[in-house]
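Grab your viewer and a pencil. Here are a few exercises, each with a solution worked out step by step.

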Amino acid sequence: MPNVSQIQTPKGIFDPQAFLGRAAAGRVTEKHEKNQKIFSQGEAADAVFFIQKGKVKIAVLSEHGKEAVVAILSEGQFFGEGCLLGAEVRTTTSQTMEPSVITSITKSAMLSMLATEPRFSAFFIAYLLSRNSRIEDDLIDQLFNSSERRLARLLLLLANFGKEGGGEPIAVTLSQETLAEMIGTTRSRVSFFMNKFRKKGFIDYNGKIEVHRSLLDAVLRDKPQIQEDD
């Protein structure tokens, strides 16, 4: 997903964290503990949320009770904005993955800011366009790339490669089941690929995933070891 530091707007530099962090009608910034739910699937959709700090998991529950993780969001990203398009109930559940600071913005306050704050409006539009581009990339990835390459790309995104300050160890522990859900394969395949990446020196994996630049180099150079079929 797009990060605040990657978005350029035609109206120059804009700091959404400072702007949204200021107290105002319809805006509240709160601290949340790890594994705290922000909203649940089926609840009324009446606010948009912005991550000042931390990570949030977005998941959906099927009618048979199976949960699928559809996104992991971090600092500088929005979620819950479906209410702006008229959604009356939440179609997903959001939950913090680590201690987080999140700003909630009521639907009416968000619509008012978009109408009266041109710099924020320009930023939010740029953010949505960037996110749409990422969704298209994800779809292409799902359709045309092997599960091994999809896992490599997901690890690079989670490790923030490609943005300023990227390449740091992933600050959360993701289960192999969750990684498998996110790339559309089985846990056993993820386990096989993770062990393979570790043996080749692409990652360190011991409770926390640390991604090395060698994985990015392998993906960019289209090396055979990242080109196996499912």
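**Exercise 1. In what order do the strands of the open sheet of 4 strands stand, and is the pairing parallel or antiparallel?**

Before starting, keep in mind that this is a predicted model.

Step 1. Begin with S4, residues 55-61, and look for its partners. Strand S5 (residues 67-74) pairs with S4 in the antiparallel sense, over 7 bridges. S4 also pairs with strand S7 (residues 93-96), again in the antiparallel sense, this time over 4 bridges.

Step 2. Go on to S7. Strand S2 (residues 37-39) is its antiparallel partner over 2 bridges.

Step 3. Chain the pairs together: the order is S2-S7-S4-S5, in an open sheet with antiparallel pairing. S2 and S5 sit at the edges with a single partner strand each, so one side of each has no neighbour in the sheet. From one strand to the next, the twist averages 30°.

**Exercise 2. Which residues stand opposite each other in the pairs with S7?**

Step 1. On the S4 side, lysine 57 stands opposite glutamine 95, and alanine 59 has threonine 93 as its bridge partner.

Step 2. On the S2 side, lysine 37 stands opposite glutamine 95, while phenylalanine 39 faces serine 94.

Step 3. Put the two sides together: glutamine 95 of S7 stands opposite lysine 57 and also opposite lysine 37.

**Exercise 3. Is serine 94 buried or exposed, and what does it touch?**

Step 1. Locate the residue: serine 94 lies in strand S7.

Step 2. Check the accessibility. The cut-off for buried is under 20% relative accessible area. Serine 94 comes out at 0%, so it counts as buried.

Step 3. List the contacts, skipping residues up to four places away in sequence. Serine 94 touches Gln36, Lys37, Ile38, Phe39, Val56, Lys57, Ile58 and Phe79.

Step 4. Now think about faces. Side chains in a regular strand alternate between the two faces of the sheet. In S7, Thr93 and Gln95 are on one side and Ser94 and Thr96 on the other, and all of them are buried, which leaves both faces covered.

**Exercise 4. How many of the 7 residues of S4 are buried, and what happens in the hairpin of S4 and S5?**

Step 1. Count along S4: 5 of its 7 residues are buried, making the strand mostly covered.

Step 2. Follow S4 to its end. Leucine 61 stands opposite glutamate 67 in S5.

Step 3. Look between the strands. The hairpin has 5 residues there, and glycine 65 takes a positive phi near 90°.

**Exercise 5. At what angle do helices H5 and H6 pack, and which residues make the contact?**

Step 1. Take the axes of H5 (residues 176-183) and H6 (residues 187-199): they are 8 Å apart, at an angle of about 105°.

Step 2. Classify the angle. The range from 65 to 115 degrees counts as roughly perpendicular, so H5 is roughly perpendicular to H6.

Step 3. Name the residues. H5 brings Gln176, Glu177, Leu179, Ala180 and Ile183, and H6 brings Arg187, Val190, Ser191 and Met194.

Step 4. Sort them by type: 5 are nonpolar, 2 polar and 2 charged.

**Exercise 6. How many helices and strands does the protein chain have, and what percentage of its residues is buried?**

Step 1. The tally is 7 helices and 10 strands.

Step 2. Of the 230 residues, 44% are buried.

Step 3. For the surface, the chain exposes about 12,100 Å², with 51% supplied by carbon and sulfur atoms.

Technical notes: Residues are numbered from 1 along each chain as its sequence is written. This is a predicted model: local features need pLDDT of at least 70, side-chain atom pairs count only at pLDDT 80 or more; totals for chains, interfaces and linings use all residues. Side-chain values use heavy atoms; hydrogens and water are left out. Axes are lines fitted to C-alpha atoms, for helices over the stretch in contact, and angles run from 0 to 180 degrees between N-to-C directions. Angles under 35 degrees count as roughly parallel, over 145 as roughly antiparallel, 65 to 115 as roughly perpendicular and the rest as oblique. Contact means heavy atoms within 4.5 Å. Ala, Val, Leu, Ile, Met, Phe, Trp, Tyr, Cys and Pro count as nonpolar, Asp, Glu, Lys and Arg as charged, and the others, Gly among them, as polar. Buried means under 20% relative accessible area, exposed over 50%, partly exposed in between (1.4 Å probe, protein chains only). Two strands pair if DSSP finds at least two bridges between them. Accessible areas come from the Shrake-Rupley method with a 1.4 Å probe; for residues, only the protein chains shown count as cover.
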